[in-house]
Amino acid sequence: MILFDWGTYNALTKLPIAATLGMKLTEIPPYDFSRKSRGEDYFREYSRFAREAFTTVVAHAPYYNVVSVDRATMERSWKALLAAAKKAKLGGAEIFNLHLGWRAYGDHRDLELAGEFLKKLVEVAQPEMLVSVEVAYTKRMLGTWEEIKALREIVGEDKLIVSVQLENAWMLETGASDTGDFMTANRMADKDFWMRILEKTLALSHKYVSLRFSQVIGFALGSRILKKRVPLGKGYPDLEPLAQALAEFMVKRVRGRGLKLRMHIIYTGIPETKYKDTIRLYSTIMEEAVDHLS
């Protein structure tokens, strides 16, 4: 049974590094879908290498807002995302992950338009891929827990799952995205806090429990609190209580109850330190898991 896959984002030229380091997962990064030089042959070659070296391949969509007040702009975004999904299938991806982006209307129309688009997306993705939607870090963006639940009901719970960028969930749940007080929010994020987040994730999962993580610092841009990713150990939230919760949840909640799910965690930190940080993240989690497996 494959219980827990781990890795980071890699362009084709970086796949040998990730494979040599023993990573079990690779993610096709969003910029691969935005570059005109990345034709179909690039993604076929990505798939060929990845099938031999990794157990899980994920694709991250390019960053486009799914909803816009300008219909022409929105349709261009939809077209680009649908084209990216087709390339992701060529690349061997099992999950196509995306951010829904900023709200355009601030009312029911945002969710309705997102649902309309996701119906189109899952048609392109099936049968090879599931679609995953990331939890947003601020309510100014689409992607609260409740909205993802509603979108799964619209699109199909066997076709759409949640992908939890854990620091996003932390910012959303603690209110750090409103206050900018990351230190206080960090104190709130104990093991029990993370267990509650993981239970929420499980309720919106199918086949996979899809997790992402990097540490961040916050900064203000006008009235908005935004996040900036930093090397592991240089930001928030703390890794240790998260690792404790992940280890217990993985071994006792998923493996121990025989759930037919595969968990994975994707490190999404800055490129300069991502390989060392990915190994450290995995090692910290597995050091905790050992205690539950003995």
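Modeller: Two residues are in contact when heavy atoms of theirs lie within 4.5 Å. The model discussed here is predicted. Among contacts in the protein chain between residues at least 6 apart in sequence, 76% join residues at least 24 apart.

Biologist: What makes up the secondary structure of the protein chain?

Modeller: The protein chain has twelve helices and ten strands.

Biologist: How do you know whether the radius of gyration agrees with that of a compact globule?

Modeller: For 294 residues, a compact globule would have a radius of gyration near 19 Å; the protein chain has 18 Å, so the value agrees. Along the principal axes, the C-alpha trace spans about 55 × 45 × 40 Å.

Biologist: How much of the protein chain counts as buried?

Modeller: Of the 294 residues, 55% count as buried. The accessible surface of the chain is about 13000 Å², and carbon and sulfur atoms account for 51% of that surface.

Biologist: Why is S47 called buried or exposed?

Modeller: Buried means under 20% relative accessible area. S47 has 7% relative accessibility, so S47 counts as buried. S47 is found in helix α3, residues 40-53. Apart from neighbours within four places in sequence, S47 is in contact with L90, G91 and G92.

Biologist: And why is A203 called buried or exposed?

Modeller: The cut-off for exposed is over 50%. At 56% relative accessibility, A203 therefore counts as exposed. A203 lies in helix α10, residues 191-203.

Biologist: How far apart are A203 and I285 in space?

Modeller: From C-alpha to C-alpha they are 22 Å apart, with their positions 82 residues apart in sequence. I285 is one of the buried residues of α12.

Biologist: How do you know whether the span of helix α12 agrees with its number of residues?

Modeller: The expected span is 1.5 Å times one less than the number of residues. For the 20 residues of α12, residues 274-293, this should give 28 Å; the end C-alpha atoms are 28 Å apart, so the span agrees. The buried residues of α12 include K274, Y275, D277 and L281. The elements against which the buried residues of α12 pack are β1, α1, β7, α11 and β10.

Biologist: What does the same rule give for helix α5?

Modeller: Helix α5, residues 108-125, has 18 residues and reaches 26 Å from its first C-alpha to its last, close to the 26 Å expected. Among the buried residues of α5 are D110, L113, F117 and V122. Buried residues of α5 pack against α4, β4, β5, α6 and β6.

Biologist: Which peptide bond is cis in the loop between α5 and β5?

Modeller: The bond from Q126 to P127 is cis, with omega near 0°. P127 lies in that loop. The bond from Y236 to P237 is cis as well, with omega near -10°. P237 is placed in the loop between β9 and α11.

Biologist: What is the phi of K207?

Modeller: K207 has a positive phi of about 70°, although K207 is not a glycine. The loop between α10 and β7 holds K207.

Biologist: Why is K207 called partly exposed?

Modeller: Partly exposed lies between the cut-offs of 20% and 50%. K207 has 45% relative accessibility, so K207 counts as partly exposed.

Biologist: How far apart are the mean positions of the positive and negative charges?

Modeller: The mean positions of the 43 positive and 37 negative charges of the protein chain are 3 Å apart.

How values were computed. Residues are numbered from 1 along each chain as its sequence is written. This is a predicted model: local features need pLDDT of at least 70, side-chain atom pairs count only at pLDDT 80 or more; totals for chains, interfaces and linings use all residues. Side-chain values use heavy atoms; hydrogens and water are left out. Helices (H or I, at least four residues) and strands (E, at least two) are DSSP runs, numbered from the N terminus. The radius of gyration is taken over C-alpha atoms; the globule rule is 2.2 Å times the number of residues to the power 0.38. Buried means under 20% relative accessible area, exposed over 50%, partly exposed in between (1.4 Å probe, protein chains only). Accessible areas come from the Shrake-Rupley method with a 1.4 Å probe; for residues, only the protein chains shown count as cover. Lys and Arg count as positive and Asp and Glu as negative; His and the chain ends are not counted. The place of a charge is taken as NZ of Lys, CZ of Arg, CG of Asp or CD of Glu.
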